[in-house]
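Let's walk through this one together, starting from a charged pair and working outwards. Keep the structure open as you read.

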Amino acid sequence: MWEPQIDYATVFRALPGMVALLTPDLVYADANEDFLRLAGRTREQLLGRYIFDVFPENPNEPAAAGMRETEASMRRAVDTGERDTMALLRYDIEDVQRPGHWEEHYWSPVNAPVFGPDGRVALIVHRVEEVTELIRAFGGPGDDSRARVLEAELYTRARELQEVNERLRKAHAHEREVALALQAAMLPPPGPTGQHGAAVRYRPAIGALNVCGDWYDLVELPGENLAIAVGDVVGHGLAAACVMGQLRSALSAACRVAQGPAEALEALGLYARSVEGAESATAAATFIDWDDQCITYSCAGHLPPALLAPDGTVSFLDQATDPPLGARPEHVPRPQAKAPFVEGSTLVLYTDGLVERRTEDIDAGLARLADSLTRHGHADPEALADALLSDLLPSTGNTDDTALIVLRL
């Protein structure tokens, strides 16, 4: 397939409409030609400078004070990782050729985050639609009163919209606080695992609350053995998180009394039938016997755990895979299988957000996981977990939740 060679820097500068790039500290990193022309600034007057040093507020016109709204919008884009659309805004610009002379401008801004390789916001795309001439044109020659009435109406409606948006943001912030409390309660750090290092990670999807439907768990078993499990509930948000909490707690209890992971998943499947929203949830459970150096495992519609040997060989534990929880109309015993391990091996359990991509076969994602494990297998669990997320999650941010457990055997 032919792929054109595109100079994106040239494309950016030729984009129609005003577009600028700012750092998370609100310092100009670049601006296209339309932005420079319509803002009346040169590239040298913008780049490397704080936005409100370049464009301070008009001290003579309180109605044109848009600095607080603009800064708040940009901060939201950085803090939430979400696009923020502002209401119509009046923001006067000082003429650099005539200090003290301010020109009236009306803008319709949008601020959107750009994510770096680490998944954090690296830049803000600040796109501005200049609507000053449109507002003036409605009045027509000699009809300044009509133009001012329209201007006032637009400005009033824009302010009302801004107030509604602010109330919605406060409601969303409250919901996010609830989500964070749920996450801390339901996805705590791992407890003591003896001499065996362990690391856990959770990454919500872009635009989602901080908890969704994925979970992980580490359960102490008799004889100082250990059970490790991950699961995935369909959906996002607080509803999926509540279902996740119920299933996680149920599986944690089942692991403590079951004779093996298959029996624990059977009990979880029966319980899932009584939980609204648990349909098609998936889970993988492993029981680790340190004395026998053996992993007993079972998967309910879930992707297979990965076992990394000290020599860099990666195998997937895929010999005991069954349909998701509650998928069968009648109860059927679930399969389980065993896999030996040697000291120094690494067991990795994960959810589909780590490897699945909509445009490719799942085998490609599993191959990426195996390659990353081989390359970083010498690292300790904490460093390995970070390396896997860095290698496998898209640089623009993950579109699905991701839970991950790394255990050094």
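Arg201 is buried, at 13% relative accessible area; buried means under 20%, exposed over 50%, and partly exposed in between, using a 1.4 Å probe and the protein chains only. Its salt-bridge partner is Glu382, with the closest N and O atoms 2.7 Å apart. A salt bridge here is a side-chain nitrogen of Lys or Arg within 4 Å of a carboxyl oxygen of Asp or Glu. Glu382 sits in helix α11 (residues 381-392) and Arg201 in strand β9 (residues 198-203), so the bridge links distant parts of the chain, 181 residues apart. Helices (H or I, at least four residues) and strands (E, at least two) are DSSP runs, numbered from the N terminus. Unlike Arg201, which is buried, Glu382 is partly exposed, with a relative accessible area of 39%.

Before going further, a word on what you're looking at. This is a predicted model, where local features need pLDDT of at least 70 and side-chain atom pairs count only at pLDDT 80 or more, while totals for chains, interfaces and linings use all residues. Residues are numbered from 1 along each chain as its sequence is written, and side-chain values use heavy atoms, with hydrogens and water left out.

Back to the charges. The salt-bridge count comes to 13. Another of these bridges pairs Asp30 with Arg43, at 2.8 Å between the closest N and O atoms. Asp30 belongs to strand β2 (residues 28-31) and Arg43 to helix α3 (residues 43-46), 13 residues apart. Both ends are tucked away: Asp30 is buried at 16% relative accessible area, and Arg43 counts as buried at 15%. Add Glu33, and salt bridges with shared partners join Asp30, Glu33 and Arg43 into one network.

Asp34 and Arg37 give you a more local case, their side chains meeting in a salt bridge of 3.2 Å, N to O. They are 3 residues apart in helix α2 (residues 33-39), which means about one helical turn separates them. Arg37 counts as exposed, at 55% relative accessibility.

Now turn to helix α5 (residues 67-80). At 1.5 Å a residue, its 14 residues should span 20 Å, and its end C-alpha atoms are indeed 20 Å apart; the expected span is 1.5 Å times one less than the number of residues. Glu69, Thr70, Ser73, Met74, Arg76 and Ala77 are buried in α5. They cover an arc of only 155 degrees around the axis, so they lie on the same side of α5; that arc is taken from the directions from the helix axis to the C-beta atoms. On the other side, Arg68 and Asp79 are exposed. After α5 comes Gly81, with a positive phi near 70 degrees.

What about the nonpolar interior? The largest nonpolar core has 56 residues, and those with the most contacts inside it are Ile228, Leu247, Ile288 and Leu409. Such a core is a set of buried Ala, Val, Leu, Ile, Met, Phe, Trp, Tyr and Cys residues joined through side-chain atoms within 4.5 Å. Helix α8 (residues 237-257) gives the most to this core, with 8 residues. Apart from this core lies another, of 22 residues, among them Met18, Ala31, Phe35 and Ile124.

Zooming out, the protein has 11 helices and 19 strands, and buried residues make up 48% of its 409 residues.
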